[in-house]
Amino acid sequence: MQLKALLHKYPEAKILFHKLLDEGKIQSNINWAEFNPDDQWTAFQHFRQSGIQRKKTLMFRPWLIGVAASLLFLVGLYTFWALYFNGNQPAYIVKDKYYGQLNDVLPGSNAAILQLGDGRQVLLDSLHLTADLKGVNVANNQLIYGSSMQSEGTTQHKLVIPSRAMYQVQLSDGTHVWLNSESELEYSPNFDKKERRVHLKGEAYFDIAHDAARPFIVESAGLRLQALGTEFNVNSYQNDTRVALTEGKLKISSSDQDVVILAGKEVRLENKRLSVYEIRDMEEIKAWKNGYFYLGNKDLKQTLDEIERWYGVTVIVEKGVNAQRQYDGGMKKMYRWPVYVRRFHI
């Protein structure tokens, strides 16, 4: 569904829309807090189909007009936000004054969207927290949870990192997590007394706070990782999930297999089986969180996937180019790399 795709692509616009509603700048008789575009579309299709089957004249239903108008309005709002507020093209596409490129793609930045248990969404940057959350602060490009936060029961928070962004969070137990572009971390703002459990999509680097009484558990792409105090990286972008341990001891479990590794080892999920390898280069594991593209031990496809996520572009590899060929070297992620809009021809 087009609207659902737009909601996912422009989460900042959803926040803008609700902000305009709260300020009374948009008038509507629909309860947007409970509005579900999928449910409304299904209801509309069901009504239309039943009318065709009965071969009766479609009766005038005012609520259908409201839903249709609302859907069109939301699509228009997102299109308007993407094009107008950012010019005729996204704000990160600019004219390069140094190399003479017409479309220079600026690098990403530190940004995230915090989704609260009550449905609110907070847009985060490096300096501000635009909501009154007790025990939560923003400083030095990271979201910080205080250790004395009051328990919120089963309430969960989710930190969503869009493309062209990365962000850090310090959880209430002191654990530090770096999140890469197009990643999500779901967690409790205040862990319970038995365990500390989080859910990850994408890639993250964990520096786990030691707590022998409460194991730290990461669930990601069908794997369960358990640690007491350790550092490791999880990459679950692709089907072949990769877990690299840089410090401590880690237990990794799939549906039918358990593996325990020590620092310097990594586990890869290959054809639904866990395989253990030596980490060839420790610098590679930490490079992305330290602000670098690291090309060593990666083929062309893996490197271009990282460029797509960080620069918000689509990379097209022409026929005849060996996508499995490996390269060596590195580059700062904040470097301004001139590329064509939405395409990078090899």
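The following exchange goes through the strands, pockets and buried residues of a predicted model.

Visitor: In what order do the nine strands of the open sheet stand, and what is the character of the pairing?
Guide: The pairing in this open sheet of nine strands is mixed. Read across the sheet, the order of the strands is β5-β4-β8-β11-β12-β14-β15-β18-β19.

Visitor: Which strands stand at the edges of this sheet?
Guide: An edge strand here has a single partner strand, so one side of it is left without a neighbour in the sheet. That is the situation of two strands, one covering residues 121-124 and the other 258-262, namely β5 and β19.

Visitor: By what angle are neighbouring strands of this sheet turned against each other on average?
Guide: The angle is taken with direction ignored, and it is an average over neighbouring strands of the sheet. On that basis, the turn of one strand against its neighbour is 20°.

Visitor: Which residue of β11 stands opposite valine 160?
Guide: Strand β8, residues 157-161, is mostly covered, with four of its five residues buried. It runs antiparallel to strand β11, residues 183-187, and five bridges join the two. Within that pairing, the residue of β11 that stands opposite valine 160 is glutamate 184.

Visitor: Which residue of β8 stands opposite isoleucine 113?
Guide: Strand β4, residues 112-115, pairs with β8 in the antiparallel sense over three bridges. Glutamine 115 stands opposite lysine 158 in this β8 strand, while the residue of β8 opposite isoleucine 113 is valine 160.

Visitor: Which residue in the turn between β6 and β7 has a positive phi?
Guide: Strand β6, residues 136-139, and strand β7, residues 142-145, pair in the antiparallel sense over four bridges, and alanine 139 stands opposite glutamine 142. The two strands form a hairpin with two residues between them, and the positive phi of about 55° in the turn belongs to asparagine 140.

Visitor: Which residue of β9 is the bridge partner of leucine 143?
Guide: Strand β7 is joined by three bridges to strand β9, residues 165-170, and these two strands run parallel. In that parallel pairing, the β9 partner of leucine 143 is valine 169.

Visitor: How many residues does α6 give to the lining of the second largest pocket?
Guide: The second largest pocket holds about 780 Å³ of space, and among its 27 lining residues the closest to the centre are Asn235, Gln238, Asp240, Arg242 and Gln302. Several elements each supply at least two lining residues, including β16 (231-235), β17 (242-247), β20 (265-270) and α6 (300-311). The most comes from α6, whose share is five residues.

Visitor: How many charged residues does the lining of the second largest pocket have?
Guide: Sorted by class, the lining of this pocket has seven nonpolar and seven polar residues. The remaining class, that of the charged residues, has 13.

Visitor: Which element gives the most to the lining of the largest cavity?
Guide: The structure holds one cavity of 30 Å³ or more, and the space in the largest cavity is about 50 Å³. Its lining consists of Asn180, Ser181, Phe293, Glu306, Arg309, Trp310 and Lys333, which by class are two nonpolar, two polar and three charged residues. With three residues, the element that gives the most is α6.

Visitor: Is glutamate 306 buried or exposed?
Guide: Glutamate 306 is found in helix α6, and it is among the residues that line the largest cavity. Leaving out residues up to four places away in sequence, it touches Phe293 and Lys298. Because its relative accessible area is 17%, and the cut-off is under 20%, glutamate 306 counts as buried.

Visitor: How far apart in space are isoleucine 279 and alanine 263, C-alpha to C-alpha?
Guide: Isoleucine 279 lies in the loop between β21 (273-278) and α5, and at 12% relative accessibility it counts as buried. Beyond its neighbours within four places in sequence, its contacts are Ala244, Leu245, Gly264, Lys265, Glu266 and Ile285. Isoleucine 279 and alanine 263 are 16 residues apart in sequence, and their C-alpha to C-alpha separation in space is 9.0 Å.

How values were computed
Residues numbered from 1 in each chain as written. Predicted model: local features only at pLDDT ≥ 70, side-chain atom pairs only at ≥ 80, totals over all residues. Heavy atoms only, no water. 1 Å grid on protein atoms, 1.4 Å probe; cavity = no way out; pocket = protein on both sides within 12 Å on 5 of 7 lines; lining within 4 Å. Points joined across faces, edges and corners; volume = space filled by probe spheres on them. Nonpolar A, V, L, I, M, F, W, Y, C, P; charged D, E, K, R; others polar. Buried < 20%, exposed > 50% of the residue type's maximum accessible area, 1.4 Å probe, protein only. Pairing = 2+ DSSP bridges. Contact = heavy atoms within 4.5 Å. Axes fitted to C-alpha atoms, helices over the stretch in contact; angles between N-to-C directions.
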